[in-house]
Amino acid sequence: MTITLADARIVTPEGVHDGWLTIEDGRISHVGRGTAPGPGHALGGRYVVPGFVDIHNHGGAGGSFPTGDQEQAGRIASLHARHGTTTLVASLVTASLDDLTRATSSLADLCEDGVLAGIHFEGPYISKARCGAHDPALLREPSVREFRRLLAAGRGHVRMLTIAAELPGALDTIRDAAAAGVIAALGHSDAGYEQTIAGIEAGARVATHLYNAMPQLGHRDPGPIAALLEDGRVTVELVNDGVHVHPAMLRLALRTAGPGRTALITDAMAAAGAGDGSYDLGPLKVNVVDGVARLANGDAAGSIAGSTLTMDAAFRRAVRELGLSLSEAAEVTSLTPARVLGLDDRLGSVSAGRQADLVVLTEDLEVAGVMRRGTWITEP
Ligand SMILES: [Zn+2]
């Protein structure tokens, strides 16, 4: 069956043009300009952008990936899909090895089913001084042997490891992760400039939520942020929710790294799409007030604990607050994170041959429809 979408404004890496596209067998088969050659589903001039790719997400709709609960994970994926995220990596927070193993093995089933695009370990190999919303009592020193056991539980679906480069054993673990095809990401780290460079040299290629949970920029002590921004091999994650990072600092990072090395993430937790209240993030309690999630108790009470962001809101903010063009906003919400996952040959742009993962946006950039692998999740 062929689906034709007509009377669209198609957002491509090269710009925005009026046109149409056809979808066959879950893939985009043609993208054309002007009037469609045959009948089709007219979009009334609404925008078509590539489905969003969120590489750092802990939950939503009241569900939390760290529980490993498959029903919750399905609910999270559905919520974010309705907000345009068609490729989703499940992020786990620091937990005991038993809990991590159990959650990983359970979520690997959903990766096999195509619901999730992989699993990200945000802990336990992170800095106590920068652990944010991770339980400090459960942090561990990086160990290649131990990491391999966690990897095995994921049956090939562990895609990313956040690690603090300054910890003993970190550089070996980064090298091992990279060799195993796992993306090593630097973050929740107290590393300085030189230690961060050592982490990149060992194979780290992503900055976990740049600016958050790391030493800040200093003119004589540039710290990790400068090292991560200036290295052309590193993609920086940014949480564009208006809470985690000031828009001026987001613009600064974007001007330095460019859209080609910037991936917007949600870092969403259970309250995304579920409203204010009390929630769990792994073993910790979180209070959400006015959409802002903070740790409820302990030494770090008040620390930001994930977000309630969805990718469509991040897209709108990228255009309105950060001044990106629609093409650039699509790049930082889809193509660049797809490239991080090594999937940019299949995902990340509205062009012939790519998977038919599409978001239809109104003039106001609100989600009017979402298609995943050629099937409407919400029909415009
Ligand atoms: Zn996170």
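His-58 is buried, because its relative accessibility is 1%, where buried denotes under 20% relative accessible area, exposed over 50% and partly exposed the range in between (1.4 Å probe, protein chains only). The model is predicted, so local features require pLDDT of at least 70 and side-chain atom pairs count only at pLDDT 80 or more, while totals for chains, interfaces and linings use all residues. Residues are numbered from 1 along each chain as its sequence is written, and side-chain values use heavy atoms, with hydrogens and water left out.

His-58 (NE2) belongs to the protein donors of the zinc ion, together with His-56 (NE2), Glu-122 (OE) and Asp-267 (OD), at 2.0 to 2.3 Å from the metal. Donors are N, O and S atoms within 2.8 Å of the metal (3.2 Å for Na, K and Ca); water is not among the atoms, so sites may look incomplete. The angles among the 4 donor atoms run from 81 to 165°, and the site is irregular. Under the criteria applied, four donors are tetrahedral if all angles lie between 85 and 135 degrees; four are square planar and six octahedral if opposite donors are over 155 degrees apart and all others between 65 and 115; anything else is irregular. The spacing of the donor residues in sequence is H-x1-H-x63-E-x144-D. Distant parts of the chain are linked by the pair His-58 and Glu-122, 64 residues apart: His-58 is in the loop between strand E6 (52–57) and strand E7 (59–60), and Glu-122 in the loop between strand E10 (118–121) and helix H3 (144–153). Helices (H or I, at least four residues) and strands (E, at least two) are DSSP runs, numbered from the N terminus. Glu-122 also counts as buried, because its relative accessibility is 2%.

The loop between E10 and H3 also holds Pro-124, which is joined to Gly-123 by a cis peptide bond with omega of about 10°. Most peptide bonds are trans, and most residues other than glycine have a negative phi. A positive phi, near 45°, is found at His-188, in the loop between strand E12 (183–186) and H5; this residue is buried, with a relative accessibility of 4%. Asp-290 likewise has a positive phi, of about 50°, and lies in the loop between strand E17 (284–289) and E18, but Asp-290 is exposed at a relative accessible area of 69%.

Two helix pairs were examined. Helix H2 (residues 97–112) and H3 have axes that come within 8 Å and cross at roughly 30°, axes being lines fitted to C-alpha atoms, for helices over the stretch in contact, with angles from 0 to 180 degrees between N-to-C directions. H2 and H3 are therefore roughly parallel, given that angles under 35 degrees count as roughly parallel, over 145 as roughly antiparallel, 65 to 115 as roughly perpendicular and the rest as oblique. Their contact involves Leu-97, Leu-100, Thr-101, Thr-104, Ser-105 and Ala-108 of H2 and Glu-146, Leu-150 and Ala-153 of H3, contact meaning heavy atoms within 4.5 Å. Helix H4 (residues 170–179) packs on helix H5 (residues 193–202) at about 30°, with the axes 8 Å apart, and this pair is therefore also roughly parallel. In H4, Leu-171, Ile-174 and Arg-175 meet Ala-198, Gly-199 and Ala-202 of H5.

Leu-295, in strand E18 (residues 292–295), is buried at 7% relative accessibility.
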